[in-house]
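Here is a short report on one protein model. Have the sequence and the 3D view ready as you read.

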Amino acid sequence: MSDGIAVRKCTTLAEFEACVALQREVWGEEDLEIEPVTGFIVASETGGQVLGAYDGNKLVGYTLGLVGYRDGVIFMHSHHTGVHRDYRDHGVGRTLKLFQRDEALSRDIRFFQWTFDPLELRNAHFNLNRLGAIARHYKPNLYGITSSPLHRGLATDRLLVEWHLDSRRVIAAIGNIATQPSDAIGAAVELPAQLEQWKQTDMPALAKEQDRIRSEFMNWFNRGYAAVGTFKTPTGTAYQLVPWSDF
């Protein structure tokens with residue numbers, strides 16, 4: 001775990017309210033788009049997960065998980081994971097995810113899903129390389145246009161992550177023994193090095209890039225491929241894709 005950070009279940013109204021306050025800070029959305037405290041309470045009372053990362057008594061991160069059911073399987077949908085800006089890049093998110101995994105396995109829940117923006121390459125590296133998740137479904141404009149400045153007025157395109165908790169791939173990733181992705185295997189969807197600059201200065205270019213990768217991801221996914229990692233290239237960063245039947 002991150003030094004000095006303890007993760008535990010949130011169980012009180014005050015703890016749920018602290019999660020909502022941190023949510024407001026992280027996403028900056030308008031009130032109608034904020035998950036209210038009642039949503040956290042319902043998740044906690046119905047078998048979901050509300051987990052807090054604490055530095056002493058201060059909430060510095062949280063994750064909200066909801067129970068899902070599909071094709072006869074009970075799973076968890078990780079709806080939110082947010083970390084206070086002063087505690088990012090210190091392993092808090094990974095600590096939350098590993099606690100989330102352990103708690104689910106203790107109840108014989110072996111599968112998680114969540115979504116992330118494919119334009120956010122740090123999240124992609126974290127989800128695919130560091131946690132061992134895969135993605136084989138692309139969801140165009142899943143949440144509609146939101147008020148969050150993090151979304152920049154773009155369509156909320158998302159990759160749907162699959163985290164198979166006790167798979168060899170996940171065990172290797174969380175044990176830091178997984179091999180790094182390479183362009184020598186499978187296919188690739190590459191994003192240019194200018195991507196982060198475009199997020200600040202060139203929204204038309206960013207929107208065009210979103211359109212391009214949407215087409216490429218959906219093409220590969222329709223052919224039975226899965227995104228399994230990211231790797232650096234001479235001109236940017238690429239997603240590695242391989243036939244998903246391998247997993």
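## Terms and ground rules

A residue is buried when its relative accessible area is under 20%, exposed when it is over 50%, and partly exposed in between (1.4 Å probe, protein chains only). This is a predicted model: local features need pLDDT of at least 70, side-chain atom pairs count only at pLDDT 80 or more, and totals for chains, interfaces and linings use all residues. Residues are numbered from 1 along each chain as its sequence is written, and side-chain values use heavy atoms, with hydrogens and water left out.

## A patch on the surface

Start with Val 67. Its relative accessibility is 45%, so Val 67 counts as partly exposed. Val 67 belongs to strand E3 (residues 58-70). Helices (H or I, at least four residues) and strands (E, at least two) are DSSP runs, numbered from the N terminus.

Val 67 joins Tyr 69 and Ile 74 in a nonpolar surface patch. Together the three have about 340 Å² of accessible area. Areas come from the Shrake-Rupley method with a 1.4 Å probe, and for residues only the protein chains shown count as cover. Patch members have over 30% relative accessible area and no salt bridge; like charges are joined within 9 Å, nonpolar side chains (Val, Leu, Ile, Met, Phe, Trp, Tyr) within 5 Å. A salt bridge is a side-chain nitrogen of Lys or Arg within 4 Å of a carboxyl oxygen of Asp or Glu.

## Strand E10 and its partners

Now find strand E10 (residues 236-243). Seven of its eight residues are buried. Which strands pair with E10? Strand E8 (residues 187-192) does, antiparallel, over six bridges. Strand E9 (residues 225-233) does too, antiparallel, through eight bridges. Two strands pair if DSSP finds at least two bridges between them.

On the E8 side, Ala 187 stands opposite Leu 241 of E10. On the E9 side, Lys 232 faces Thr 237 of E10. E9 and E10 make a hairpin, with two residues between them.

## Aromatic rings

Rings of Phe, Tyr and Trp (its six-membered ring) pair if their centres lie within 6.5 Å; planes under 30 degrees apart count as stacked, over 60 as edge-to-face and the rest as tilted. The model has eight aromatic pairs by this rule. In one of them, the ring centres of Tyr 138 and Phe 217 are 5.8 Å apart and the planes are at 25 degrees, so the pair is stacked. Tyr 138 lies in strand E6 (residues 134-139) and Phe 217 in helix H7 (residues 203-222), so the pair ties together parts 79 residues apart in sequence.

Tyr 138 is buried at 8% relative accessible area. Phe 217 is buried at 0%. Both belong to one aromatic cluster with Phe 221 and Tyr 239.
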